[in-house]
Amino acid sequence: MSEAMHPLAPHHLPGFIVAPGETDVLFTGTVIFIIALLMMLGSLYFWLHSLPERIAHGASQVQFQLVAVLALLALFTHINVFWVAALLLAIVPIPDFWTPLSTMAESLARMAADRRQAPAPAASAPEAIAAGSPLSVNDAPLSQVRVVELEAPSAPPDDQHRVPANEERRP
């Protein structure tokens, strides 16, 4: 075979075409660039998926756990509704219902303990009323407690509050 070039071949080859047996620099650079780009995009993806957890970090433990579970579900199932729900739940604070309820329960427990330790009244309710001593509802037996219904104040007729159309309103 002859080493002569084909007559239709260009006389000058571009720089990215390498001779056989030499290193292809453009291909190597492109592979390194694509690998670096994929690593950066993967890091961005994981950073974005952890955004709701970072927002809810200062919230209550229950809220943080709910947000973390929703973010993991979104990460593994690729259902974006879970991620949006986690983000909304992280942004909107959940009110603390447990603390007031536990405080009420502790107060009621203390009141019940105080009532169990209180001595029984010396006189029955009718004798205490006759003697003129103060009597609370807790001292009276349940059969002697009477419920008194109070009347609501009567509302004035609507005509008294209306301003006639021909009169001007003054401040």
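This briefing walks through the fold, the core, the surface patch and a few individual residues of the structure above. The model is a predicted one. The protein chain contains six helices and zero strands, and just 10% of its 171 residues count as buried. Two places deserve a good look: a five-residue nonpolar core, and a nonpolar patch on the surface that includes F33.

**Overall fold**

- Read from the N terminus, the elements of the protein chain follow the order α-α-α-α-α-α.
- The protein chain has an accessible surface of about 15400 Å², and carbon and sulfur atoms account for 67% of that surface.
- Take the contacts between residues at least 6 apart in sequence: 37% of these join residues at least 24 apart.

**The surface patch on α1**

- Helix α1 covers residues 25–49, and F33 has its place there.
- F33 belongs to a nonpolar surface patch together with I34, L37, L38, M40, L41, L44, W47 and L48.
- Together, the residues of this patch have about 920 Å² of accessible area.
- F33 itself has a relative accessible area of 54%, and it counts as exposed because the cut-off for that class is over 50%.
- As background for viewing such a patch, nonpolar side chains in soluble globular proteins tend to be buried together.

**The core between α3 and α4**

- The largest nonpolar core has five residues, namely A56, V67, L70, A86 and A90.
- Two elements each give two or more residues to this core: α3 (61–77) and α4 (80–91).
- L70, one of the core residues, touches F82, W83, A85, A86 and L89 once residues up to four places away in sequence are set aside.
- F82 is part of helix α4 and is partly exposed, with a relative accessibility of 27%.
- Between F82 and L70 the C-alpha to C-alpha distance is 5.3 Å, with 12 residues separating them in sequence.
- Besides L70, F82 touches L73, A74 and T77, again not counting residues up to four places away in sequence.
- A85 also sits in helix α4, where it is partly exposed at 31% relative accessibility.
- A85 and L66 are 19 residues apart in sequence, and their C-alpha atoms are 9.9 Å apart in space.

**Two buried polar residues: Q63 and H49**

- Q63 is in helix α3 and has a relative accessibility of 3%; it counts as buried because the limit for that class is under 20%.
- From Q63, the side chain reaches the backbone oxygen of V92 at 3.0 Å.
- Leaving aside neighbours within four places in sequence, the contacts of Q63 are L89, A90, V92, P93 and I94. Among them, A90 is also a member of the largest nonpolar core.
- H49 has its place in helix α1, and it is buried as well, with a relative accessible area of 11%.
- Beyond its neighbours within four places in sequence, H49 is in contact with A71, A74, L75 and W83.
- A74 and W83 turn up elsewhere too: A74 is touched by F82, while W83 is touched by L70.

**Loop residues to check: H78 and S60**

- H78 lies in the loop that links α3 and α4, and at 55% relative accessibility it is exposed.
- The backbone of H78 has a positive phi of about 60°, although this residue is not a glycine. For context, most residues other than glycine have a negative phi.
- S60 is in the loop between α2 (51–55) and α3, and it counts as partly exposed at 38% relative accessibility.
- S60 and I94 are 34 residues apart along the chain, with their C-alpha atoms separated by 8.1 Å.
- I94 also appears among the contacts of Q63.

Note on methods. Residues are numbered from 1 along each chain as its sequence is written. This is a predicted model: local features need pLDDT of at least 70, side-chain atom pairs count only at pLDDT 80 or more; totals for chains, interfaces and linings use all residues. Side-chain values use heavy atoms; hydrogens and water are left out. Patches are made of residues with over 30% relative accessible area and no salt bridge: like charges are joined within 9 Å, nonpolar side chains (Val, Leu, Ile, Met, Phe, Trp, Tyr) within 5 Å. Accessible areas come from the Shrake-Rupley method with a 1.4 Å probe; for residues, only the protein chains shown count as cover. A salt bridge is a side-chain nitrogen of Lys or Arg within 4 Å of a carboxyl oxygen of Asp or Glu. Helices (H or I, at least four residues) and strands (E, at least two) are DSSP runs, numbered from the N terminus. Buried means under 20% relative accessible area, exposed over 50%, partly exposed in between (1.4 Å probe, protein chains only). Contact means heavy atoms within 4.5 Å. A nonpolar core is a set of buried Ala, Val, Leu, Ile, Met, Phe, Trp, Tyr and Cys residues joined through side-chain atoms within 4.5 Å. A polar contact is a pair of N or O atoms within 3.5 Å; within protein, one must be able to donate a hydrogen and the other to accept it, and residues adjacent in sequence count only if both atoms are side-chain atoms.
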